[in-house]
Amino acid sequence: MARKQRTPRWLEAARRRGPEAPVGPGADWLARALGRAGVLPRAEAEQAIRDGRVEVDGRVEHEPFAPVGEGTRVRVDGVEHALTRQARGLMFHKPAGPVVHGSDPEGVGTVFERLRAVLPPELQGFEWYAVGRLDRDTTGLLLFTNDERLVRHATAPETHLPKRYVARVEGQPTEAELARLREGLTLEDGPTRPAEAVLRAPDVVELTLTEGRHHQVKRMLEAVGHPVLTLHREAVGRVVLDVAEGAFRELTEAEVSGGLGFTATDVDLTD
Ligand code: URA
């Protein structure tokens with residue numbers, strides 16, 4: 001489906017400022033550029049800008065959507081920072097409990113809080129976006145990145161990045177039921193793509209999906225008569241979870257590019 005076109009907020013700000021504003025490859029808006037480069041997470045960057053703590057090319061800048069370009073000189077509290085745009089990734093071993101949401105009306109805690117609690121100071125300045133969702137009670141591999149383009153790449157329906165889950169279920173699935181999971185079955189939002197499904201134990205199914213619809217694993221197993229009791233994600237693309245519950249590690253460049261198939265050449269500043 002074609003993405004809805006709208007004028008990015010940073011571009012509107014750039015237009016308001018006149019023809020000297022930098023646009024084009026490498027251009028970004030100030031608060032997001034600070035979050036991407038690991039200087040300050042976005043909300044803190046916006047506050048620092050409003051508080052007059054941020055200078056752009058020698059002038060105090062009060063507009064979080066002020067456009068910046070590759071050569072822009074930025075200082076925060078008098079300290080100069082390079083606005084690097086390298087895409088980075090983290091793996092986090094999500095425990096059961098926290099939600100993958102920014103808002104938390106029930107007060108159960110979010111994965112963003114859990115992640116920040118274990119990050120070292122040098123990674124605290126980044127804005128970390130979750131790559132897709134896991135249910136509150138699902139454990140396992142949750143990826144984070146400083147680059148929304150990686151989120152879009154990994155979660156786009158057309159990318160078909162494989163995601164490997166292990167589910168303990170009610171009852172014992174038969175070979176015929178596994179075959180239905182493999183071939184694809186029809187859920188209320190349409191047919192599922194072919195999947196890999198194998199038994200690891202009589203009541204433990206390993207299911208690898210190349211799509212990521214809401215509650216998809218639970219709905220597929222429910223549809224073949226085996227509701228999920230516990231659900232864990234082991235791998236996304238060729239990135240395999242290898243840290244303890246509640247812990248994180250940085251992904252290597254090879255995992256970001258080869259493991260997730262992401263290259264940051266397709267600059268897309270549409271928000
Ligand atoms: N499918 C689900 O049902 N839940 C998850 O958390 C992930 C995939």
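This note sets out numbered points on a predicted model of a protein with a bound ligand.

1. Overall make-up. The protein has 271 residues, of which 48% count as buried. Its secondary structure amounts to nine helices and 17 strands. Measured out along the principal axes, the C-alpha trace covers about 70 × 40 × 35 Å.

2. Surface and contacts. About 13500 Å² of the protein is exposed, and 52% of that area is supplied by carbon and sulfur atoms. If one takes the contacts between residues at least 6 apart in sequence, 65% of them join residues at least 24 apart.

3. The annotated domain. The UniProt record, an unreviewed entry, places the feature "domain: RNA-binding S4" at residues 28-89. In the model, this span is 26% helix and 26% strand, and its end C-alpha atoms are 20 Å apart. The name of the feature comes from the record, whereas the helix and strand shares are computed from the model.

4. Salt bridges and a buried pair. The whole structure contains 27 salt bridges. One of the pairs is formed by Arg32 and Asp28, whose side chains meet with an N to O distance of 2.9 Å. Are these two residues buried or exposed? Both Arg32 and Asp28 are buried.

5. A link between two helices. Glu148 and Arg42 also form a salt bridge through their side chains, at 3.3 Å from N to O. This pair connects distant parts of the chain: Glu148 belongs to helix H6 (residues 148-155) and Arg42 to helix H3 (residues 42-50), with their positions 106 residues apart in sequence. Glu148 and Arg42 are both buried.

6. A link between two strands. A further salt bridge brings together the side chains of Glu234 and Arg164, 2.8 Å apart from N to O. Glu234 is in strand S15 (residues 228-236) and Arg164 is in strand S10 (residues 163-169), so this salt bridge ties together parts that are 70 residues apart in sequence. The two partners may be described separately. Glu234 counts as buried because its relative accessible area is 17%, which is under the 20% limit. Arg164 has a relative accessibility of 25% and therefore counts as partly exposed.

7. A network of charged side chains. Which residues are joined into one network by salt bridges that share partners? They are Asp28, Arg32, Arg36, Arg42, Arg85, Asp147, Glu148 and Arg149. The pairs Arg32 with Asp28 and Glu148 with Arg42, described above, have their residues in this network.

8. A residue inside helix H3. Ala48 lies in helix H3. Its relative accessible area is 0%, and Ala48 is therefore buried. When neighbours within four places in sequence are set aside, Ala48 is in contact with Leu40, Arg53 and Val54. Ala48 and Leu11 are 37 residues apart in sequence, and their C-alpha atoms are 21 Å apart in space.

9. The ligand site. Which residues surround the ligand? They are Leu134, Asp135, Thr138, Tyr165, His215, Gln216, Val217, Lys218 and Leu231. A polar side-chain atom of Asp135 is 2.7 Å from a nitrogen atom of the ligand. On the backbone side, a polar atom of His215 lies 3.3 Å from an oxygen atom of the ligand, and a backbone N or O atom of Gln216 is 3.5 Å from a ligand oxygen atom. On its own the ligand has 240 Å² of accessible area, and the protein covers 95% of it.

10. Backbone angles to note. Most residues other than glycine have a negative phi. His215, one of the residues around the ligand, has a positive phi near 50°. His215 is situated in the loop between strand S14 (204-209) and helix H8 (216-223). With a relative accessible area of 34%, His215 is partly exposed. Asp57 likewise has a positive phi, near 45°. The position of Asp57 is in the loop between strand S2 (54-56) and strand S3 (59-60). Asp57 counts as partly exposed because its relative accessibility is 48%.

Key
Residues numbered from 1 in each chain as written. Predicted model: local features only at pLDDT ≥ 70, side-chain atom pairs only at ≥ 80, totals over all residues. Heavy atoms only, no water. UniProt positions renumbered as here; feature names shortened; annotations may be inferred. Helix = DSSP H or I, 4+ residues; strand = E, 2+ residues; numbered from the N terminus. Salt bridge = Lys/Arg side-chain N within 4 Å of Asp/Glu carboxyl O. Buried < 20%, exposed > 50% of the residue type's maximum accessible area, 1.4 Å probe, protein only. Near = heavy atom within 4 Å. Polar contact = N/O pair within 3.5 Å; in protein donor to acceptor, adjacent residues only side chain to side chain. Areas by Shrake-Rupley, 256 points an atom, 1.4 Å probe, with all protein chains shown as cover. Contact = heavy atoms within 4.5 Å.
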